[in-house]
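Biologist: Please take me through a close look at one single part of this model, starting from one residue and working outwards. I would like the cut-offs spelled out as you go.

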Amino acid sequence: GEKYGVEIIKGIEFAALYDTDTELEIHILGYFIDHKNKEFKEVLKSITEARENRNILMVEKLRKIGIDITIEDVNEDAGGEIITRAHFANVLQKKGYVKSKNEAFSYFLSPGKAGYVRREFVTPKVCIDAIKNAGGAAFLAHPTLYKMSYEQIEKALKHLKELGLVGVESEYSTYSTEQERNIKKIAKKLDLLISGGSDFHG
């Protein structure tokens, strides 16, 4: 940031389970956080441990059906990044069990398939509290991606605001002009701050 004259803000994106019945996952952004905060780090540690346990269970399930895969294979593919199912898909493709990553998901890594293990999610409250404890500001990311009506988005934002949410991502790379206008309208109505993001994943 200093090199290119860009202000860098410390932040995080949490995945949280909003509705247990529909298994609706929402993403909560934390801006201006103190990433060294003890309580914040404890929450991250518990999420990381849950992910690591899931990865081990997925390896075990795949080995049970005769696939030669180890946690070391997946770690190597991830190259130090957080392991996701995409890394499992890469390994399955490299080892010739599938022709493509899509095949890996279709045959082994999607819900109901032999290698799938459901992720453990934290609640929105845990995410918002962690952000607040670290001196940060909590925002809801890209609300139009959750397949909710504007009425449902408003209801969700109202509920999340009660938990400590302060804003919503009102400008986003995939929003139409209408979506942006509607989200900003809801933000104004609920007295929420607005943020913007590209959500660039390379």
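Modeller: A good place to begin is S170, which is buried, its relative accessible area being 0%; buried here means under 20%, exposed over 50% and partly exposed in between, with a 1.4 Å probe and protein chains only. The model is a predicted one, in which local features need pLDDT of at least 70 and side-chain atom pairs count only at pLDDT 80 or more, while totals for chains, interfaces and linings use all residues. Residues are numbered from 1 along each chain as its sequence is written, and side-chain values use heavy atoms, with hydrogens and water left out.

S170 belongs to strand β4 (strands are DSSP runs of E of at least two residues, helices runs of H or I of at least four, numbered from the N terminus). Once its neighbours within four places in sequence are set aside, S170 touches Y175, E180, I183, K184, A187, I194 and S195, where a contact means heavy atoms within 4.5 Å.

Among those partners, I183 and A187 lead us to helix α7, whose buried residues are N182, I183, I186 and A187. Looking down the axis of α7, these buried residues fall within an arc of 140 degrees (taken from the directions from the axis to the C-beta atoms), so they line one face of the helix. What covers them includes helix α6 (150-163) as well as strands β4 (167-172) and β5 (193-197). The other side of α7 has a contrasting set of residues, for T177, R181, K185, K188 and K189 are exposed there.

The length of α7 can also be checked, because its 13 residues, 177-189, should span 18 Å at 1.5 Å a residue, and the end C-alpha atoms are indeed 18 Å apart; the expected span is 1.5 Å times one less than the number of residues. Just after this helix, D191 adopts a positive phi of about 60 degrees.

Beyond this part, charged pairs are worth following too. The structure contains eleven salt bridges, each being a side-chain nitrogen of Lys or Arg within 4 Å of a carboxyl oxygen of Asp or Glu. One of them joins the side chains of E23 and R118, at 3.0 Å from N to O. E23 sits in the loop between β1 and β2 (24-31) and R118 in the loop between α4 (101-109) and α5 (124-133), so this pair ties together parts that lie 95 residues apart in sequence. E23 is partly exposed at a relative accessible area of 45%, and R118 is likewise classed as partly exposed, at 41%.

K95 takes part in a salt bridge with D68, their closest N and O atoms being 3.9 Å apart. This pair links distant parts of the chain, with K95 in the loop between α3 (85-94) and α4, and D68 in the loop between α1 (38-64) and α2 (71-78), 27 residues away. K95 is partly exposed at 35%, as is D68 at 44%. K95 also meets the side chain of D73 in a salt bridge of 3.2 Å, N to O, and here the link runs from helix α2, which holds D73, to the loop between α3 and α4, which holds K95, across 22 residues. D73 counts as partly exposed, with a relative accessibility of 22%. Through shared partners, salt bridges join R63, D68, D73 and K95 into one network.
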